[in-house]
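Reader: Please take me on a close look at one small part of this model, and then work outwards from there. I would enjoy a single connected account.

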Amino acid sequence: MKLKYDLVIIGGGPAGLAVALEARRNTVKDILLLERDKYLGGILPQCIHNGFGLQYFKEELTGPEYAERFITKLNDNQIDVKTKTMVIKVTSDKRIIAINRNDGLLHIQAKAVVLAMGCREKTREAIAIPGNRPAGIFTAGTAQRYINIEGYIPGREVVVLGSGDIGMIMARRMTLEGARVKAVLEIMPFSTGLIRNRVQCLDDFNIPLKFNHTITRIEGERRVKRVTVARVDKNLQAIPGTEEEISCDTILLSVGLIPENELTGESGIKLDPITRGPIVNENRETEIEGIFACGNVLHVHDLADFVTEEGKIVGRAIGEYLKRNRKFRSQPIKIVPGENIAYVVPQHIDFIIPDRKKIKIFMRVKKPVEKVKINLLDDKGKLLGSYKKRIVTPGEMVSVYLPEILLDDKLKNIIISIKKD
Amino acid sequence: MEDNKIICVSCPMGCRMTIQSKDGKIISVTGNTCPKGIKYAEEEFVNPLRILPTTVKVIGGELPLVSVKTEKAIPKKLLLEAMVEIAEIEVNAPVKIGQVIKSDLLGTGVSLVATRNIKRADFSSIKL
């Protein structure tokens, strides 16, 4: 079997699929796509709800349909795909060690590597909820897989902790399957999910959403029996005397996602402490030349459509990289998060690309504000550009276009901050 | 006079709007900050529609379920009733994406269609 490839992509979700197809379109040959599950699509096949594709295909699709659009094309392009294959190591010189049942241990040499491993859900342990350790506590995504792929209903009386999108979607899904969702609890004073999910998943079914609330205790011996919930103060600490008990047999956790970067870290690539993904330039290339990252392994996206967009950036960039067709700036420009900006991607701009007009910068804000200006400033505080937005919220990624014309040779930093208009 | 409170989903603003109505007719919409809100309020008030995504049992497939959806949105008030009808359906593998699983669901004229491919289970590697 073949053990040398121009491009090896780790992960067959929306990011990896987009990279594979876009790299082919940019004349990259010899592509290997590695996926640990038995089918491609990553998390998409279990996201059976609609709402995918509105940005990218301009039509509304479900997760499995969105995945299928890419998987079908992959078969036409003769890209090598290995499913049920687990990558256990990526080295800084682009060797990949992987295992599967047919081939055993594989040592693969690549010219370019894409990290597209996606993300994982935070668990009970990550947020340390006190109490017993009975059965019946699931991350929302695990419950989603049980119900939508494997055909099990995880419980009948449910409390959801966290108003992230998967939590709200699973509140609806479990209601439709006959379970009773007693409450969705959100520790923050605002929802961290999309507004449409709040309305169509919770309000449609009269599921109460309690802001400033959290679970302070889980009880039950073999199975969850009840939870104690309490209101929290502005420091997110439970307020004594506000506790109430809710009986339930199931708890779903939708308390955040963490990019899956074990392989990245072991290869020696530095991670951004905020995104918890690698630090990248505008090509989504990590500090090791030729190793790229995109999708939720880089930073957690709200929509699969945005992941596809990022995968295409990487696919194109790999075409240029393999042709050695690149010109570096004399010094990189750092994009620095300022007031009310949690993070920005990319973190720096490295290349001179003559026909490029603008660079799209993605960011997530720390807190919701209405009627704002997104300001781009240089080192000396000079305003380079300003963009009005009606509203920014942590639940919805914000993007602005940075015009190429602003990027002169002397520029070292661009500071992005949000100001009330 | 009747007041209905709804949240607009047209954009991340999520305007909280009040629809004032009499005998099922809208008299006024307040709380919106742009014209999209009015349109959304009218649609939601007259006949709120939703696409219903769910799953159907598969016989002899490589997976036990196939994901499905209503091809078009159906009235919101029919969602739970539709789930009861869909629970009775079984389909034989293989299933093709787009395949009609049930036509004219609950007399709505809307079909239930598969949203992924499910191959037949491969038992050839199992020795009895």
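Author: Gladly! One term is needed before we start: the helices and strands named below are DSSP runs, of at least four residues for a helix and at least two for a strand, and they are numbered from the N terminus. Please also keep in mind that this is a predicted model.

Let us begin at A:Ala238. This residue sits in a loop of chain A, with strand E15 (226–231) on one side and strand E16 (244–247) on the other. Is A:Ala238 buried or exposed? Neither label fits: 19 other C-beta atoms lie within 10 Å, and A:Ala238 is partly exposed because a buried residue needs 20 or more and an exposed one has 12 or fewer. Leaving aside residues up to four places away in sequence, the contacts of A:Ala238 are A:Thr214, A:Thr216, A:Ala230 and A:Val232. For a wider sense of scale, take A:Arg120: 118 residues separate it from A:Ala238 in sequence, and the C-alpha to C-alpha distance between the two is 27 Å.

From this loop, let us move to a helix of chain A. Helix H5 covers residues 165–176, twelve residues in total. Its first and last C-alpha atoms are 17 Å apart, close to the expected 16 Å. H5(A) is mostly covered, with eleven of its twelve residues buried. Among those buried are A:Ile166, A:Met168, A:Ile169 and A:Met170, and the list also includes the charged residues A:Asp165, A:Arg172 and A:Arg173. Which elements help to cover the buried residues of H5(A)? They include helix H4 (140–150) and helix H6 (195–202), together with strands E11 (157–161), E12 (180–186) and E17 (250–253), which also belong to chain A. Just after the helix, A:Gly178 adopts a positive phi of about 100 degrees.

Stepping back, chain A is assigned three domains: domain 1 (1–121 + 256–326), domain 2 (123–255) and domain 3 (328–421). Between domain 1 and domain 2 of chain A, the C-alpha centres are 31 Å apart. Where these two meet, seven residues come from domain 1 of chain A and twelve residues from domain 2 of chain A. The domain 1 side of that contact is made up of two nonpolar, three polar and two charged residues.

Now for the partner, chain B. Its secondary structure consists of two helices and ten strands, in the order β-β-β-α-β-β-β-β-α-β-β-β from the N terminus. Chain B also has a domain assignment, with domain 1 at 2–46 and domain 2 at 53–114, and the centres of these two are 32 Å apart over C-alpha atoms. The radius of gyration of chain B is 21 Å, whereas a compact globule of 128 residues would be near 14 Å. Along the principal axes, its C-alpha atoms fill a box of roughly 70 × 30 × 20 Å. Of its 128 residues, 29% count as buried.

Finally, how do the two chains meet? Contact between them involves 21 residues of chain B and 23 residues of chain A. On the chain B side, strand E5 (53–59), strand E6 (65–70) and helix H2 (79–87) each supply at least two residues. That side of chain B comprises twelve nonpolar, five polar and four charged residues.

How values were computed:
Residues numbered from 1 in each chain as written. Chains lettered and ligands numbered in written order. Predicted model: local features only at pLDDT ≥ 70, side-chain atom pairs only at ≥ 80, totals over all residues. Expected span 1.5 Å × (residues − 1). Domains from an automatic or database assignment. Rg over C-alpha atoms; globule rule 2.2 N^0.38 Å.
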